Amino acid sequence: MENLHIVFWLLKDIGWCLIWKPLGIAMIFPTLIIALVIAYRTRQFMSELCHNLAIAVWIMANSY
């Protein structure tokens with residue numbers, strides 16, 4: 001799942017860098033959803049949870 005997350009994130013960034021707004025906007029949602037799923041799965045370990053939530057916040061801020 002983490003590898004798929006990276007692929008979506010790269011496609012999102014490529015979309016923004018090349019000014020392909022539809023691709024960039026479309027990739028926000030799968031990237032963010034997978035980041036939140038990863039955070040949820042690591043909720044047992046506080047350090048991992050905080051790290052993964054920080055990534056999710058980073059994606060949200062970057063997407064904004």
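Here a visitor and a guide talk through how to read a predicted model of a three-helix protein.

Visitor: Let's start with the overall layout. How many helices and strands does the protein have?

Guide: There are three helices and zero strands, so to speak a plain α-α-α run from the N terminus on. The C-alpha atoms fill a box of roughly 40 × 20 × 15 Å along the principal axes. Of the 64 residues, 33% count as buried.

Visitor: And since this is a prediction, which element has the lowest mean pLDDT, and which the highest?

Guide: The mean for the protein is 92, and 100% of its residues reach 70 or more. By element, helix α1 (residues 2-17) is lowest at 89, while α3 is highest at 94.

Visitor: Let's zoom in on α3, then. How does its span relate to the expected one?

Guide: α3 has 18 residues and runs 25 Å from its first C-alpha to its last. That is close to the 26 Å expected at 1.5 Å a residue.

Visitor: How do I read which way a helix faces?

Guide: The general idea first: an α-helix has 3.6 residues a turn, so residues three or four places apart point the same way. Now the case here. The buried residues of α3 are Leu49, Asn52, Ile55, Ala56, Ile59 and Ser63. Looking down the axis, they fall within an arc of 125°, so they line one face of the helix. Met46, Ser47, Trp58 and Ala61 sit on the other side and are exposed.

Visitor: What covers the buried residues of α3?

Guide: The cover includes α1 and α2 (21-41). Take Ile55 as an example: it is buried at a relative accessible area of 19%, and it touches His5 and Trp9, leaving aside residues up to four places away in sequence. The C-alpha atoms of Ile55 and Leu36 are 8.9 Å apart, with their positions 19 residues apart along the chain.

Visitor: What about Val37 in α2, and how exposed is it?

Guide: Val37 belongs to helix α2 and is partly exposed, with a relative accessible area of 31%. Its C-alpha lies 9.4 Å from that of Asn52, a residue 15 places away along the chain.

Visitor: Ser63 is on the buried list too. What does its side chain lie 2.7 Å from?

Guide: A polar atom of the Ser63 side chain lies 2.7 Å from the backbone oxygen of Ile59. Ser63 has 15% relative accessibility, so it counts as buried. Leaving aside residues up to four places away in sequence, Ser63 touches Lys12, Trp16 and Ile28.

Visitor: Now aromatic rings. How do I read a pair?

Guide: Two numbers describe one: the distance of the centres and the angle of the planes. In this model, a search of the whole structure finds one aromatic pair. The rings of Trp9 and Trp58 have centres 5.3 Å apart and planes at 80°, so the pair is edge-to-face. Trp9 is in helix α1 and Trp58 in helix α3, so the pair ties together parts that are 49 residues apart in sequence.

Visitor: Is Trp9 buried or exposed? And is Trp58 buried or exposed?

Guide: Trp9 is buried, at 15% relative accessible area, whereas Trp58 is exposed, at 52%.

Visitor: Last one, on the whole fold: what share of contacts join residues at least 24 apart?

Guide: That share is 51%, counted among contacts between residues at least 6 apart in sequence.

Key:
Residues numbered from 1 in each chain as written. Heavy atoms only, no water. Buried < 20%, exposed > 50% of the residue type's maximum accessible area, 1.4 Å probe, protein only. Polar contact = N/O pair within 3.5 Å; in protein donor to acceptor, adjacent residues only side chain to side chain. Contact = heavy atoms within 4.5 Å. pLDDT = per-residue confidence, 0-100. Helix = DSSP H or I, 4+ residues; strand = E, 2+ residues; numbered from the N terminus. Expected span 1.5 Å × (residues − 1). Arc of directions from axis to C-beta. Phe/Tyr/Trp six-rings, centres within 6.5 Å; stacked < 30°, edge-to-face > 60°.
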